[in-house]
Amino acid sequence: MTILEPLAGTVPAEWEKFDDRFDGIRGDQHLERLWTGGRWVEGPVYSPAGRYLLWSDIPNDRILRWDETSYQVSAFRAPAGNTNGHTLDQQGRLVSCEHGNRRVTRTEHNGRISVLADNYEGHRFNSPNDVVVKRDGSIWFTDPSYGISSDYEGYKGEIETEGCHVYRVSADGGLTRVADDFDGPNGIAFSPDESLIYITDTERAHMRVFTVEGDRISGGEVFAECGNGAFDGIRIDTVGRVWASAADGVHVYHPDGTLLGKLLVPETVSNLTFGGAKRNRLFITATTSVYSLFTTVNGAAQPYDPHV
Ligand code: MG
């Protein structure tokens with residue numbers, strides 16, 4: 001078998017409950033392993049129109065695609081600039097963080113790749129990691145140094161921006177730094193109404209929550225401490241619960257910060273996303289593999305879509 005063939009297989013889905021409000025949050029009794037053979041996979045993004053999942057296999061410098069209709073996996077782009085996180089904008093265009101090129105790009109409908117941001121005041125970013133699009137068309141991304149600390153996930157290089165920060169690109173292309181007090185900003189997601197933004201700090205193994213007011217954020221108190229490993233990517237469901245990646249699986253938090261429960265995963269989880277036509281299928285990237293299961297909840301549409 002070649003490395004691109006899907007590996008059929010399932011493992012039991014183990015749900016661990018810590019709070020009664022986790023009752024009813026369940027799904028398939030098994031996790032499907034859709035594919036394995038990666039080195040460190042991240043950045044899952046589901047295309048409702050294309051009915052496929054894309055993700056990054058960062059050290060192998062490729063983006064892979066799983067076809068929902070056939071379960072087949074193929075290379076979508078390789079080399080890929082050591083991409084990490086992806087998202088779709090309101091037009092369904094792919095927005096990608098590239099470690100290798102130290103930039104955030106958009107893949108246009110004609111296939112051309114546009115650079116959305118590659119420097120702050122003339123200084124190159126470190127290695128953009130994860131990205132989200134707000135309903136006003138602005139693009140928010142984190143810029144830790146994991147892609148330049150060695151050649152493993154990009155190219156070894158120096159920090160030029162005096163740290164690891166969070167940035168926003170407005171719909172008209174203006175760039176601002178929205179937070180400068182992180183050690184390792186990583187996963188980033190808005191609450192369903194976009195009044196809040198959650199950002200993980202992998203170096204501090206916690207997640208913070210900010211109030212969003214237009215193009216600015218304030219607050220930033222610690223929302224949750226990761227009890228197993230460190231948080232990476234996060235997603236929000238339709239009622240505002242936060243689904244966070246951790247070493248032992250996916251941790252689910254009530255909006256009040258309570259850890260409601262966990263979905264245990266056999267490998268260290270890097271990222272997750274809700275997909276499928278109803279956004280009730282959870283896709284999980286975890287070290288070498290991609291897992292999925294159908295759940296009883298639905299992921300929030302991001303960017304916000306008044307029609308769903
Ligand atoms: Mg990440």
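This report covers a magnesium site, a four-stranded sheet and two loop residues in a predicted model.

## Magnesium site

Three residues coordinate the magnesium ion: N129, N186 and D232. N129 and N186 each donate through OD1, and D232 through OD. The distances run from 2.1 to 2.2 Å. Along the sequence, the donor spacing reads N-x56-N-x45-D.

N129 sits in the loop between β13 (123-124) and β14 (131-133), while N186 belongs to strand β18 (residues 185-190), so the pair ties together parts that are 57 residues apart in sequence. Are N129 and N186 buried or exposed? Both are buried. Water is not among the atoms, so the site may look incomplete.

## Four-stranded sheet

Strand β14 follows the loop that holds N129. It is also part of an open sheet of four strands. The order is β14-β15-β16-β17, and the pairing is antiparallel. β14 and β17 (175-182) are the edge strands, and each of them pairs on one side only. From one strand to the next, the twist averages 15°.

In general, strands of a sheet pair through backbone hydrogen bonds, in either the parallel or the antiparallel sense. Here, three bridges link β14 to strand β15 (residues 139-143), in the antiparallel sense. Across this pairing, V132 stands opposite W140 in β15.

## S191, in the loop after β18

Strand β18, which carries N186, is followed by a loop that runs to β19 (196-201). S191 is found in this loop. Its relative accessibility is 6%. The cut-off for buried is under 20%, so S191 counts as buried.

The side chain of S191 makes a polar contact of 3.0 Å with the side chain of D193. Which residues does S191 contact, leaving aside neighbours within four places in sequence? They are L196, Y198 and I236.

## T258, in the loop between β24 and β25

T258 also has a loop position, between β24 (249-253) and β25 (259-264). Its relative accessible area is 25%, so T258 is partly exposed. The partly exposed class lies between the limits of 20% and 50%.

Residues up to four places away in sequence are not counted in its contacts. On that basis, T258 touches D19, R21, V252 and Y253. How far apart are T258 and T288 in space? The C-alpha to C-alpha distance is 30 Å, and the two residues are 30 residues apart in sequence.

Technical notes:
Residues are numbered from 1 along each chain as its sequence is written. This is a predicted model: local features need pLDDT of at least 70, side-chain atom pairs count only at pLDDT 80 or more; totals for chains, interfaces and linings use all residues. Side-chain values use heavy atoms; hydrogens and water are left out. Donors are N, O and S atoms within 2.8 Å of the metal (3.2 Å for Na, K and Ca); water is not among the atoms, so sites may look incomplete. Helices (H or I, at least four residues) and strands (E, at least two) are DSSP runs, numbered from the N terminus. Buried means under 20% relative accessible area, exposed over 50%, partly exposed in between (1.4 Å probe, protein chains only). Two strands pair if DSSP finds at least two bridges between them. Axes are lines fitted to C-alpha atoms, for helices over the stretch in contact, and angles run from 0 to 180 degrees between N-to-C directions. Contact means heavy atoms within 4.5 Å. A polar contact is a pair of N or O atoms within 3.5 Å; within protein, one must be able to donate a hydrogen and the other to accept it, and residues adjacent in sequence count only if both atoms are side-chain atoms.
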